[in-house]
Amino acid sequence: MAIRTGKIQLARHLMDNPIYKPWHHFGHLYGMNASCTFPFTVDNVKAALMIYSSDENAFDKNEIKLLHQLSKNISHGILHIRNQIALANKNKQVEQLLIQTLEVASLALEKRDPYTAGHQHRTADLATAIAIQMELPQEQIQGIALGAMVHDIGKIYLPAEILNRPGKLTDTEMNLIKTHPQAGFELVKNINYPWPIAQIILQHHERLDGSGYPAGLKGDEILLETKIVSVADVVEAMMSHRPYRPAHSLGDALKEIKRNKDILFDRTVVNACIKVFKNKNFKFQSKHDFVSFEKSPQTRKRRGDSV
Ligand SMILES: [Fe+2]
């Protein structure tokens with residue numbers, strides 16, 4: 001009746017009141033002799049808070065006032081929870097859209113640059129495994145995975161003939177290639193990602209001792225996220241077959257990062273990377289492998305084996 005009328009219903013003598021006859025059985029069963037019912041609505045849904053007492057004539061003026069306020073608070077509380085859920089779903093949708101923009105960007109680059117097709121995905125797989133090994137928070141791991149997935153996106157501005165051509169690059173061409181972190185940064189810097197994607201892209205060729213590019217950042221000037229992506233980038237690049245050289249072994253790749261521990265690469269990240277391979281038996285997914293190309297007899301050596 002409270003819901004139907006929208007008014008507070010007070011039954012001081014529940015068991016004597018013929019209106020409540022259908023509930024008399026439960027009244028006897030649970031010892032209920034008085035009740036007070038407070039209607040409320042949440043959005044368009046009508047509901048009621050029902051309070052029973054074993055005492056007859058149990059509710060005084062102040063108690064009714066207090067319980068009425070409680071029913072209003074419940075109504076606000078439910079509405080608040082509903083809004084929170086709606087907002088969380090909305091944020092999830094926005095997050096998914098942001099992730100999709102990164103996936104499209106990654107795919108667009110890989111279409112132009114078959115030699116490194118899959119490199120970004122495999123780097124993301126290893127960087128994620130390292131971040132998990134380091135027991136980083138889930139949110140940070142997600143940022144690392146996504147940043148790694150597009151870390152070379154700036155290469156989309158480079159002429160395809162330079163990216164795809166086996167053989168030695170001229171100094172001018174190398175300098176052009178070295179613009180890709182800045183170019184990638186410019187591409188995404190205005191997109192308000194909840195992760196430091198733009199910084200990961202910008203810094204992924206920076207090295208601990210300041211010998212990297214574009215800014216020659218040192219030590220903790222480089223984000224932890226980037227330090228992880230850099231190690232994964234180098235290991236993946238070394239272990240992939242390139243038209244100008246065969247793939248390095250896992251042993252060689254790990255030796256390289258170990259040799260440069262505290263020089264080019266962060267000690268904790270290197271140790272975690274080694275554990276990922278040695279203890280967790282990490283393997284790169286073959287489904288991300290690039291399309292095969294004829295090997296070129298020409299070779300070129302690149303520092304760190306990743307540009
Ligand atoms: Fe790169």
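This passage describes a predicted model of a protein chain with an iron ion, moving from confidence to strands, core and metal site.

A good place to start is how far the prediction can be trusted. The protein chain has a mean pLDDT of 86, with 91% of its residues reaching 70 or more. Confidence peaks in helix α12 (residues 267-278), at a mean of 98, and is lowest in α6, at 77. Over residues 288-305 the pLDDT falls below 50, although this stretch has 43 contacts in the model beyond near neighbours in sequence. Where pLDDT is low, the predicted coordinates should not be read in detail.

Turning to the strands, β2 (residues 34-42) pairs with two partners. Strand β1 (residues 9-11) joins β2 in the antiparallel sense over 3 bridges, and L10 stands opposite C36 in β2. Strand β3 (residues 45-53) also runs antiparallel to β2, with 9 bridges between them; here T41 has K46 in β3 as its bridge partner. The hairpin of β2 and β3 has 2 residues between the strands, and D43 takes a positive phi near 55° there. Because 8 of its 9 residues are buried, β2 is largely enclosed by the rest of the structure.

The helices come into view with the nonpolar core. In soluble globular proteins, nonpolar side chains tend to be buried together. The largest nonpolar core in this model has 48 residues, and L126, I130, I197, I228, V231 and C273 are those with the most contacts inside it. At least two residues of this core come from each of α3 (61-112), α4 (119-133), α5, α8, α9 (197-203), α10 (224-239), α11 (250-259) and α12. I130 makes a handy example to follow in the structure: leaving aside neighbours within four places in sequence, I130 is in contact with I228, V231, A232, V269, A272, C273 and V276. Another core, of 9 residues, lies apart from the largest one, and its members include A34, F40, F59 and L67.

Finally, which protein residues are donors of the iron ion? They are D152 (OD), H180 (NE2), H204 (NE2) and H205 (NE2), at 2.0 to 2.4 Å from the ion. In sequence these donor residues follow the spacing D-x27-H-x23-H-H. D152 and H180, 28 residues apart, link distant parts of the chain: D152 lies in the loop between α5 (138-149) and α6 (160-164), whereas H180 belongs to helix α8 (residues 180-188). D152 is buried, with a relative accessible area of 3%, and H180 is buried too, at 0%. Angles among the 4 donor atoms run from 83 to 171°, and the site is irregular.

Technical notes:
Residues are numbered from 1 along each chain as its sequence is written. This is a predicted model: local features need pLDDT of at least 70, side-chain atom pairs count only at pLDDT 80 or more; totals for chains, interfaces and linings use all residues. Side-chain values use heavy atoms; hydrogens and water are left out. Donors are N, O and S atoms within 2.8 Å of the metal (3.2 Å for Na, K and Ca); water is not among the atoms, so sites may look incomplete. Four donors count as tetrahedral if all angles lie between 85 and 135 degrees; four count as square planar and six as octahedral if opposite donors are over 155 degrees apart and all others between 65 and 115; anything else is irregular. Helices (H or I, at least four residues) and strands (E, at least two) are DSSP runs, numbered from the N terminus. Buried means under 20% relative accessible area, exposed over 50%, partly exposed in between (1.4 Å probe, protein chains only). pLDDT is the predictor's confidence in each residue, from 0 to 100. Contact means heavy atoms within 4.5 Å. Two strands pair if DSSP finds at least two bridges between them. A nonpolar core is a set of buried Ala, Val, Leu, Ile, Met, Phe, Trp, Tyr and Cys residues joined through side-chain atoms within 4.5 Å.
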